[in-house]
Each structure stands twice: as structure tokens, then as C-alpha cells.
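Me: I would like to go through the helix packing and the enclosed spaces of this protein, one question at a time. Please reason each answer through before giving the value or name.

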Amino acid sequence: MPENIEQTLDALVSRGIEKHLGNLQRGIEKESLRVDSNGLLAQTPHPYKLGSALTHPMITTDYCESLLEFVTPVHNNIDSLLQELQDIHHFTYQHIGDEKLWVNSMPCIVESEEKIPIARYGSSNVAKMKEAYRRGLSHRYGSLMQTIAGIHFNFSMPDSFWRDYFACDSAGELPAHSPYQARKSEQYFSLIRNFHHHSWIGSYLFGASPAVCRSFLRGREHILEDFEAHSFYAANATSLRLSKLGYSNDAQAGIEINYNGIDHFVQSLRRAIQTVNPAYEKFGVNINGQYQQLNANLLQIENEFYASIRPKRVAASGESPSRALLQRGVEYIEVRSIDLNPFTPLGIDADCIRFMDVLLLYCLFSDSAPLSPDDFRAAQANQQKIVMQGRDGHLKMNTDRGEKSAKAAMMALLGQMRPVAELLDQANNSNGYRSMMTQQINKVEDSALTPSARIINRMRSENLSFYEFSTEMSENSERLFKQKCLAPETNQKFENLAAQSHAAQLEIESGDTLSFDEFLEDYFERQNALQ
């Protein structure tokens with residue numbers, strides 16, 4: 001690969017490969033809390049008419065029973081992707097009564113941790129494992145952290161791109177065990193390493209969690225300021241969700257994951273899964289027949305490791321993510337660092353998606369050196385500066401050339417990304433990417449245009465608490481989604497999916513032949529056999 005990204009892009013054009021950039025593969029996983037008519041965390045079960053949270057392919061739950069997760073299929077068109085997400089919202093609002101979806105990443109008023117119900121998935125062994133895992137999360141990190149919501153953005157290049165990129169003459173999908181699949185995985189890990197260096201810019205431009213309800217920090221030490229009697233904030237914060245008060249807490253600080261290739265990644269991840277943590281042993285595992293956690297290891301299972309970006313491969317039933325990766329390579333990458341934007345009803349809009357396209361392609365086509373633990377910690381330090389102080393005009397960041405103003409670093413990175421936006425517009429016969437980039441430059445020049453600043457300015461100008469602001473925005477979205485009914489055929493599709501998911505859950509439950517203890521023992525024996 002040429003060292004200069006413009007040379008790389010020119011090489012794509014000269015070989016006619018840029019046309020594949022019009023067929024990028026994307027999916028969205030969006031989390032939203034259900035809240036009751038008083039703005040409190042809903043205490044009701046997952047609505048039956050939405051389907052089974054265990055088996056529904058598009059509507060499920062995350063940590064708690066009230067945290068909905070919407071999952072779109074893969075789309076190669078931004079408009080159709082957002083339309084599908086919108087349809088899921090419309091269908092959901094038909095079946096949650098007077099409840100509404102909370103539009104912010106940071107949660108609503110939570111009276112106590114006991115009022116955060118762990119998600120329920122039925123009576124099968126798989127369901128019991130999910131619940132035991134979540135009970136373990138509550139012991140390790142506290143239940144409040146599990147009420148934080150966000151957007152997961154799934155991204156991959158089409159196989160047609162990889163065939164041409166590697167000058168492969170084969171037709172159809174790349175064989176799972178081919179050398180091209182190995183090279184494809186290497187490229188995705190290059191993307192991931194670069195993303196760790198550059199993800200802070202997305203937190204500045206799209207971070208939307210600068211304030212929290214006081215109930216979220218009840219009994220916890222923190223450095224936030226009083227906004228008013230019911231809210232805390234950080235004056236220049238962009239994303240408290242990604243700060244040490246949120247997902248980037250210190251509980252997993254001792255886990256070092258190696259991103260320098262698929263074998264290194266799996267080995268380091270599995271080391272954490274197989275290493276006992278004395279602090280977790282005190283919780284116990286199986287106490288009087290109820291599992292408090294799946295085990296006392298640093299990670300109970302692989303999904304417990306929080307990362308802003310992860311390599312992914314769809315796993316078969318009972319197959320661990322790492323086994324799927326080792327056997328069949330990286331299929332797509334998952335970006336987990338996007339806040340819900342309360343100013344857009346879906347929590348994400350087309351320009352955010354376009355920005356992610358540009359950033360991820362920039363990371364894919366740029367040179368990528370190995371990432372050492374020190375490199376990773378330096379990248380994380382820059383990220384924490386941005387999420388806590390990103391709108392401070394005097395903020396400095398550390399670079400390989402020494403300290404540099406954050407604003408100058410942002411402008412330089414956006415300038416380097418712009419040729420990617422131009423090539424995407426060329427491939428899509430549009431000007432949407434260049435227009436989007438202009439808007440991001442404007443945000444750097446004027447931080448008041450960022451979502452985080454808009455939230456604080458709105459709260460201040462209208463004398464609103466975080467709760468009042470979020471309730472108002474949630475009610476606006478509720479009205480929007482309730483004003484329009486789904487097309488009959490779309491509504492029928494979701495009703496069919498719900499019915500099929502309930503049937504699938506019953507089939508799983510009736511098919512269990514092992515006790516839960518035996519099921520867990522078999523599961524971990526199979527995972528530990530992977531070396």
C-alpha cells in the first residue's frame with residue numbers, strides 16, 4: 001500500500017475499484033430505555049407484542065428489561081437503512097402504551113439500583129445464561145452503568161471490493177479459509193488500530209452526553225459541576241457516556257487486548273476470560289442454586305469486554321465470537337462509540353452515517369503500524385480529553401510530534417479525510433459527503449454547533465434540568481412516531497416476526513436436554529478447547 005492516502009485513493013481509481021464504494025455494507029443497533037409516563041425507568045416486562053427478546057432478529061433487549069435494542073439488517077443504502085430503523089420505532093410505539101423511548105444516552109431518573117430489572121429471556125438454558133451474565137455485570141460494575149444507551153454501527157466492505165482489491169478472479173463470496181479471507185482480516189485489524197488513534201474526532205463532532213441526572217451519580221465520587229439542583233455537567237464535555245463515569249471506567253483497565261492481528265486479538269481476549277479475578281470471587285458463582293455470575297474471571301464471556309470498536313463474525317448457535325473469528329475471519333467491524341443524538345428522532349442521521357463511512361475508510365486506507373500497550377493508552381488519553389474537555393478552545397492533545405491544540409489536530413485530520421469524502425461522492429454520484437464534511441469543519445470552527453453544546457445551551461436558555469430537557473425531546477419523538485401508522489404490509493411483517501420469535505423461543509425451551517449446570521459446563525469446555 002502506498003504511504004500517502006491520496007496515492008492509495010488514486011490507485012483505487014486507476015484500477016476502477018472506487019465503484020465498490022457505492023455499495024458499502026452497514027447496519028445499526030440502537031439502544032433506548034423505555035420510560036413510564038412520569039419519566040421513570042419502566043418497570044413493566046418486555047411487551048409481548050414486540051416478540052421474544054431472546055429470538056427476535058430486530059427487536060430485543062440489552063442489559064435490563066427496560067433497555068430496548070433495535071437491530072437492522074445489513075443495507076447498502078443509507079436511506080433504506082434509516083427507513084428500516086424508523087419502521088421499527090413506529091411498530092414499537094404501537095405496543096408500549098403510554099411509555100416512551102428515552103432519547104438520550106444517559107439515563108432517566110433511576111430511583112435505585114433495585115429498580116433496574118435484569119432482562120428476562122424465558123426458561124431455556126440460553127436464557128438462564130443471559131440472565132446470569134447480566135447479574136454478574138450488576139455485581140461487577142453496578143446496574144446503573146447498564147442503563148446507558150448508544151448506537152452501534154456495523155460496517156463492512158462488499159466482497160466485490162475485496163476481490164478487486166486483492167486482484168482475485170474468483171466469483172461469489174470469498175471462501176472462509178482462503179488466503180484472501182486472511183488478508184481481509186488483516187485489513188480490518190489495520191482499520192481498528194487506526195480507529196483507536198482517531199476515534200476522538202467522532203466524540204467531538206457527534207458526542208451528545210454532556211450532562212446527567214443527579215440520580216445517576218448518587219453515592220459516587222465524580223468531578224462534575226452542578227448545572228442546577230437536579231443535574232450535573234462538565235462545562236466542555238462532549239460525551240460523558242464515553243468517560244470514566246460511563247463505559248470507559250477503570251474496572252477493565254488491567255485488561256490489555258492486542259489488536260495486531262486476529263491470532264493476537266483472540267489470544268489476549270481469551271487470557272482475560274480464563275484469568276480469575278480475586279475481587280470477583282467474593283461475589284460467589286452459584287449460591288443456593290442461583291448464579292450470581294457465570295464465573296469469577298476477569299471477563300465472564302467475550303462480550304463483557306467493552307471496546308469502542310470490535311472485529312465481528314456472525315457466530316453459529318453455541319459458538320463463541322473468538323472461535324468464529326479464528327475459523328472464518330473478520331466479517332465486519334462494530335463501532336460502539338456513537339451517542340444517541342436527541343435532536344434527531346432516530347438517534348442517528350444520514351450525516352453521522354456518512355461521517356462514519358469517511359472515517360472508517362480513511363482508517364482502512366491509511367498505513368497502520370502495530371499498536372503497543374503504550375500507544376493504546378496514549379490514544380485513550382486523547383479520547384478522554386475530548387469526551388471531558390473537547391469544547392475547551394485551549395485544549396491540547398498529545399501527538400507523535402508533541403503537544404498540539406485540539407482544534408488544529410481536528411482541522412488537520414478532517415483535511416486528510418476530505419479526499420475520501422470526495423471519492424465517496426464520486427462513487428455515489430452525489431455531493432452529500434462533501435457537504436457533510438463542510439458541516440463538520442464548521443463544528444470545529446464553532447463548538448456551539450456540536451450536539452453537546454446545543455444540549456447545554458438549550459438547557460441553560462430555557463432553564464431546564466437534564467431530566468426536563470430529555471423528557472421534552474422524548475415527548476417530541478413520541479408524537480412524531482405516533483402520528484404516522486405503518487403501511488399494512490410493513491406492520492404485518494413485524495407482526496409475523498413477533499409471532500415467529502415466540503414460536504422459536506418455545507422450540508428452544510422444549511429442546512433443552514441438559515440441566516443448567518451441565519449446559520454451562522459443556523459451553524465453557526468447548527470454549528476452553530479453543531487454543
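Me: Which helices and which strand each supply at least two residues of the lining of the largest cavity?
Reply: This is a predicted model, and the lining of its largest cavity is made by F195, S199, G202, S203, F206, G207, V335, S337, I338, D339, M356 and L359. Among the elements involved, one helix covers residues 200-206 and one strand covers 332-338. The elements that each give at least two residues to this lining are α6, β12 and α10.

Me: How much space lies in the largest cavity, and how do the residues of its lining divide by class?
Reply: The structure holds three cavities of 30 Å³ or more, and the largest of them encloses about 90 Å³ of space. By class, the residues around the largest cavity divide into six nonpolar, five polar and one charged.

Me: Which helix gives the largest share of the lining of the second largest cavity?
Reply: The second largest cavity holds about 70 Å³ of space and is lined by R270, I273, Q300, I301, E302, S320, P321, Y523, F524, Q527 and N528. Two helices, α7 (262-273) and α17 (516-528), each supply at least two of these residues. The largest share, four residues, comes from α17.

Me: How many charged residues are in the lining of the second largest cavity?
Reply: The lining of the second largest cavity includes R270 and E302, and Asp, Glu, Lys and Arg are the residues that count as charged. The full division for this lining is five nonpolar, four polar and, as the charged number, two.

Me: Why do α5 and α10 count as roughly perpendicular?
Reply: Helix α5 (residues 179-198) packs on helix α10 (residues 350-365) with the axes 7 Å apart and at an angle of about 115°. Angles of 65 to 115 degrees count as roughly perpendicular, so the relation of α5 to α10 is described as roughly perpendicular.

Me: What is the handedness of the crossing of α5 and α10, and how many charged residues does their contact have?
Reply: The crossing of α5 and α10 is right-handed. From α5 the contact takes Q187, S190, L191, N194, F195 and H198, and from α10 it takes M356, L359, L360, Y362, C363 and L364. By class these are eight nonpolar and four polar residues, and the number of charged ones is none.

Me: Where does α10 meet α12, and what is the class make-up of that contact?
Reply: Helix α12 (residues 406-428) and α10 pack with their axes 9 Å apart at an angle of about 105°, and the two are therefore roughly perpendicular to each other. On the α10 side the contact uses F355, D357, V358, L359, L361 and Y362, while α12 brings L413, L414, Q416, M417, V420, A421 and L424. The class make-up of this contact is eleven nonpolar, one polar and one charged.

Me: Which residues are the closest to the centre of the second largest pocket?
Reply: The second largest pocket has a volume of about 950 Å³, and α5, α10, α11 (373-389), β13 (396-399) and α12 each supply at least two residues of its lining. By class this lining has eleven nonpolar, ten polar and seven charged residues. Of the 28 residues that line the pocket, the closest to its centre are H197, H198, T399, D400 and Q416.

Me: At what angle do α2 and α15 cross, and which residues of α2 make the contact?
Reply: The axes of helix α2 (residues 78-93) and helix α15 (residues 466-483) come within 9 Å and cross at roughly 90°, and the two helices are therefore roughly perpendicular to each other. On the α15 side the contact is made by S474, E478, L480, F481 and K482, and by class the whole contact has three nonpolar, four polar and two charged residues. The crossing angle is roughly 90°, and the residues of α2 are Q86, H89, H90 and Y93.

How values were computed. Residues numbered from 1 in each chain as written. Predicted model: local features only at pLDDT ≥ 70, side-chain atom pairs only at ≥ 80, totals over all residues. Heavy atoms only, no water. Axes fitted to C-alpha atoms, helices over the stretch in contact; angles between N-to-C directions. Parallel < 35°, antiparallel > 145°, perpendicular 65-115°, else oblique. Left-handed = near helix turned anticlockwise from the far one by under 90°. Contact = heavy atoms within 4.5 Å. 1 Å grid on protein atoms, 1.4 Å probe; cavity = no way out; pocket = protein on both sides within 12 Å on 5 of 7 lines; lining within 4 Å. Points joined across faces, edges and corners; volume = space filled by probe spheres on them.
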